[in-house]
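Let's take a walk through this fold, one piece at a time. Have the model open beside you and follow along.

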Amino acid sequence: MLLLKTAITNPSPILFSFSKKPTLSFPFTKILPISLFPSTSTHPSSPKMSSWLNKLGFGFRTDQSPAMDSSAIPQGPDDDIPSPGQQFAQFGAGCFWGVELAYQRVAGVTKTEVGYSQGYLHNPRYEDVCSGTTNHSEVVRVQYDPKECSYDSLLDVFWSRHDPTTPNRQGNDVGTQYRSGIYFYTPEQEKAALESRDRQQKLLNRNIVTEILPAKKFYRAEEYHQQYLAKGGRFGSKQSAEKGCNDPIRCYG
């Protein structure tokens with residue numbers, strides 16, 4: 001808890017409680033007309049004020065109406081339609097950059113997209129997801145041709161790309177958005193995922209924490225996240241997305 005002193009008519013302090021969902025507790029009824037925030041405007045809807053609150057983790061959205069805050073849409077099914085003859089699969093295995101590149105290399109995969117799913121906020125931004133307050137997972141949505149690529153082969157890539165025994169963490173990436181998850185579109189995918197998990201569990205000496213749930217609304221991530229490593233990543237060094245490529249994947253570029 002952080003104690004801040006300020007010029008107020010009642011000398012009681014302002015208490016900031018930094019819990020998972022931060023709240024402000026103001027033990028006074030009146031304050032002087034001075035700004036308590038680093039902004040030229042103290043109105044919550046001002047851009048500077050909103051930005052500052054977001055940095056503190058309050059998640060204030062000026063572009064959200066009450067209807068948009070409803071969890072009905074993000075908790076609904078993924079209603080996008082794959083190309084004719086194609087199917088969707090969705091996986092969460094930590095930071096989506098390296099996971100996407102792994103699936104780009106799989107023969108029979110015709111399209112990959114990174115995004116956010118399983119959360120409660122409609123149209124989330126990367127900053128919202130990173131706040132840890134929306135319950136979104138970083139996921140890769142894979143479109144594949146089942147005639148050329150089996151769902152089981154996609155599951156094999158999933159297990160090989162991360163540690164499914166660490167809850168809300170992959171390496172140095174920590175947060176609920178990095179949790180392990182398989183999100184199925186059909187009963188057949190669900191059955192295959194459960195059987196695959198049971199086989200994988202026999203190979204490990206720690207419990208698998210991977211969640212296996214129905215695929216929900218998919219929110220495509222910002223464009224700079226798409227095919228991030230194939231484009232060069234943070235260091236501008238492109239990594240091959242050629243089918244069958246076995247080059248080691250540098251997760252951050």
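Start with a right-handed β-α-β unit, built from β9, helix α5 (residues 187-201) and β10. Right-handed here means that, with the strands pointing away from the viewer, the path from the first strand over the helix to the second runs clockwise. Helices (H or I, at least four residues) and strands (E, at least two) are DSSP runs, numbered from the N terminus. This is a predicted model, in which local features need pLDDT of at least 70 and side-chain atom pairs count only at pLDDT 80 or more, while totals for chains, interfaces and linings use all residues. Residues are numbered from 1 along each chain as its sequence is written, and side-chain values use heavy atoms, with hydrogens and water left out.

The two strands of that unit, β9 (residues 180-184) and β10 (residues 211-214), pair in the parallel sense over four bridges; to count as paired, two strands need at least two bridges between them in DSSP. To find your place on the screen, look for F184, which stands opposite P214 in β10.

Now zoom out to the sheet. It is an open one of six strands with mixed pairing, and its order reads β10-β9-β4-β6-β5-β11. Since β10 and β11 stand at the edges with a single partner strand each, one side of each is left without a neighbour in the sheet. At the β11 end, two bridges join β5 to β11, and these strands run antiparallel. G115 has R220 in β11 as its bridge partner.

What about the helices that go with this sheet? Take α2 (96-104) to begin with. Nine of the nine residues of α2 are buried, so the helix is largely enclosed by the rest of the structure. Buried means under 20% relative accessible area, exposed means over 50%, and partly exposed lies in between (1.4 Å probe, protein chains only). The buried set in α2 includes polar residues E100 and Q104 alongside F96, W97 and Y103. Among the elements covering α2 are β4, β5, β6, α4 and α6.

Helix α4 (residues 151-160) has its own buried set: Y151, L154, L155, V157, F158 and W159. Their cover includes β4 (87-93), α2, β5 (109-117), β6, β9 and α5.

Some of these names come back in the largest nonpolar core, which has 36 residues. A nonpolar core is a set of buried Ala, Val, Leu, Ile, Met, Phe, Trp, Tyr and Cys residues joined through side-chain atoms within 4.5 Å. The residues with the most contacts inside this core are F91, Y103, V142, Y151, L154 and I182. At least two core residues come from each of β4, α2, β5, β6, α4, β9, α5 and α6 (228-231). In soluble globular proteins, nonpolar side chains tend to be buried together.

I182 makes a good stop here. Leaving aside its neighbours within four places in sequence, I182 is in contact (heavy atoms within 4.5 Å) with residues including F91, Y151, L155, F158, W159, A193 and I212.

W159 also leads to S196 in helix α5. S196 counts as buried because its relative accessibility is 3%. The side chains of S196 and W159 make a polar contact at 2.6 Å, that is, a pair of N or O atoms within 3.5 Å where, within protein, one must be able to donate a hydrogen and the other to accept it, and residues adjacent in sequence count only if both atoms are side-chain atoms. Beyond four places in sequence, S196 is in contact with L155 and W159.

Another buried polar residue is Q143, at 7% relative accessibility, in strand β6 (residues 137-144). A polar atom of the Q143 side chain lies 3.1 Å from the backbone nitrogen of S83. Not counting residues up to four places away, Q143 touches P82, Q87, F88, V109 and T110, among others.Two loop residues are also worth a look. N123 sits in the loop between β5 and α3 (126-130), and has a positive phi of about 55 degrees although it is not a glycine. In the loop between β11 (219-220) and α6, Q227 has a positive phi near 45 degrees.

Finally, the whole chain: six helices and eleven strands, with buried residues making up 43% of the 253 residues.
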